[in-house]
Amino acid sequence: MNLLTVKNLSVQIEDQVILENLQFELKPGETLSILGPNGAGKTVLLKALLNLIPYSGEVCWSSNVRIGYVPQKIDADRHLPLTYKDLFISKSRILKVTAEIDAISQRVGLTRKMLATPVGHLSGGQFQRGLIGFALIGNPNVLLLDEPTASIDESGEEHIYELIHRLQDQYKLAVITVSHDLSFVYRYATKVLCLNRQSVCMGAPREALTPEILEQLYGPSHGYYQHDHGEMSRVQQT
Amino acid sequence: MTSAASYSIVLALLTALAAGLVGSFALMKRMSLAGDVISHIALPGLGLALLLGFNPLLGAAATLFLGTLLIWGLQNRGTLTTDVAIGVIFTAALAIGTLVTPSEDLIEALFGGFQSLTLSSFSLGVLAVLGIVAFVYFFRHKLILTLFSPELAAATGINVSRFNLYYLLVFSLTVLLGLRFLGALLVGALIIIPAATGRQLTHTLTKFLIASSAVSVLSVAIGLAISHYYSQLKVGPVSLNLSLGPAIISVATVFFLLSLLRRKT
């Protein structure tokens, strides 16, 4: 049974068509990566899936779905006197669930001290781990992540991806993630959706991500090359 | 002291408590400017009511309600013109309010003053304060999430726009309560200055709320005492008019200045 079925999904903001006629499905435990250049509508797609913006077409979640969401960035005032402990408690009270805050914090690698530190005083990586912890409150069975490593340095990126994968195993989660990192896509994604307003490709990464598709997405100087074993990596731009 | 005067004092202190709580969230929501506009919008209603001879607070409540809807509409649009619109409404309300308010009542409408209260007005006021405190207490989790991230709050199932309206209405109710003794020009200051002081002194939410409320209540208490005992203070050749509204806000400002000297705990 599908956790999510999307049919003919289109989003128009003012007069501009952002997404056109998308169709895809997500099954329990799957990892769907959404790839696409800037402005392709990736974040808009996640917001439509969350019903945060108006759309046309069908977004059908299964009746038992519980969604955890990690947005790309938070515009919160960095000087807010709020800690992740406050935020975890608030979310659990609103959802009327008893969250094991200590256990969740441990799983995402937040110490008690970090949990009690105002969010503005945390490092980029700690802040992001907190957001993932926040998404886990309410025992979700699907996680939506919008470029979860966007505000983190390269060494931290790897940790975040490992964390997401570990959580996926522990919680038996389905994951939809917007990511630019092809190595993550090849390693963990069961499906990839290439997006450039319309769906450009859909399928298992090794089959769907051909050099032609990548060129179509990112242009001829996209900076990706194909490994001998068929994987694509990003070329370090100099 | 008459019981009517004590009602007034008790309600002023309770209002200060509400202002500290509501102001803390206003500060975190970065809406101190919108807050000032809301309080100024009370003036035309207050003036018209005085002119037409009915209860000025009813007139103020009417325009406050309209003003609240207006600010809410602007917030929802979220366009760059919001700043401009707020600036225009702010000054227009003051100008129109000043035009329509009878001149003998103008100073009090702008800067407040001490008025005795009937038992029924006092009871209504206490009910309003209880309503405000209950809102902050029961909806604190929603308040926290919406100010951290409206997007995450919406993803958690909160109707953020509607919730913002509720908050603005509670804010306006606080303004209405403070209007009686602080006037349209100064009531916004009791909501913002103690909160700014509390923020300066603390870095956890609970301590922040407690500090803001305490500073607010203390400012009103000291301001009441000063304006009662030293309403006409002579300092050398200068005669100071320490009326209630300015006295309270001056005390609150002194607390804020002192807080700048102190490191956060």
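1. Two strands are taken to pair if DSSP finds at least two bridges between them. In this predicted model, strands β1 (residues 4-13) and β2 (residues 16-26) of chain A meet that condition, pairing in the antiparallel sense over 7 bridges. β1(A) and β2(A) form a hairpin with 2 residues between them. Within the pairing, A:Leu9 stands opposite A:Leu22 of β2(A).

2. The turn of this hairpin deserves a comment on backbone geometry. Most residues other than glycine have a negative phi. A:Glu14, although not a glycine, has a positive phi of about 50 degrees; its place is the loop between β1 and β2 of chain A. With a relative accessible area of 74%, A:Glu14 is exposed.

3. Two further positive phi values may be noted. A:Asn139, again not a glycine, has a positive phi of about 50 degrees and is found in the loop between α5 and β6 of chain A. A:Asn139 is partly exposed, its relative accessible area being 45%. In chain B, B:Arg30 takes a positive phi of about 55 degrees just after α1(B).

4. Chain A also contains an open sheet of 6 strands with mixed pairing, in the order β5-β6-β7-β3-β8-β9. Strands β5 (67-70) and β9 (198-203) of chain A stand at the edges with a single partner strand each, so one side of each has no neighbour in the sheet. On average, neighbouring strands of this sheet are turned by 15 degrees against each other, direction ignored. Within the sheet order, β3 (residues 31-35) and β7 (residues 174-178) of chain A pair in the parallel sense over 4 bridges, and A:Ile34 has A:Val178 of β7(A) as its bridge partner.

5. Two helices of chain A lie across strands of this sheet. Helix α1 (residues 42-49) of chain A lies across β3, β5, β6 (142-146), β7 and β8 (191-196) of chain A, and runs at about 150 degrees to β6(A). Helix α5 (residues 124-136) of chain A lies across β5 and β6 of chain A, at about 165 degrees to β5(A).

6. Over all chains, the structure holds 12 aromatic pairs. One of them is the stacked pair of A:Tyr161 and A:Phe184, with 4.3 Å centre to centre and 25 degrees between the planes. Because A:Tyr161 lies in helix α6 (residues 154-171) of chain A and A:Phe184 in helix α7 (residues 182-188) of chain A, the pair ties together parts that are 23 residues apart in sequence. A:Tyr161 counts as buried at 5% relative accessibility, and A:Phe184 counts as buried at 4%.

7. B:Tyr137 and B:Phe138 form an edge-to-face aromatic pair, 5.2 Å centre to centre with 80 degrees between the planes. B:Tyr137 is partly exposed, with a relative accessible area of 48%, whereas B:Phe138 counts as exposed at 61% relative accessibility. Residues of both chains enter one aromatic cluster, formed by A:Tyr84, A:Phe88, A:Phe127 and B:Phe148.

8. Charges over rings are found in chain B. The charged end of B:Lys29 sits over the ring of B:Tyr167, 5.3 Å from its centre. Likewise, the charged end of B:Arg199 sits over the ring of B:Phe208, 5.8 Å from its centre.

9. Finally, the length of helix α1 (residues 3-28) of chain B was checked. At 1.5 Å a residue, its 26 residues should span 38 Å; the end C-alpha atoms are 38 Å apart, and the two values therefore agree.

Conventions: Residues numbered from 1 in each chain as written. Chains lettered and ligands numbered in written order. Predicted model: local features only at pLDDT ≥ 70, side-chain atom pairs only at ≥ 80, totals over all residues. Heavy atoms only, no water. Expected span 1.5 Å × (residues − 1). Axes fitted to C-alpha atoms, helices over the stretch in contact; angles between N-to-C directions. Contact = heavy atoms within 4.5 Å. Phe/Tyr/Trp six-rings, centres within 6.5 Å; stacked < 30°, edge-to-face > 60°. Buried < 20%, exposed > 50% of the residue type's maximum accessible area, 1.4 Å probe, protein only. Lys NZ or Arg CZ within 6 Å of the ring centre and 35° of its normal.
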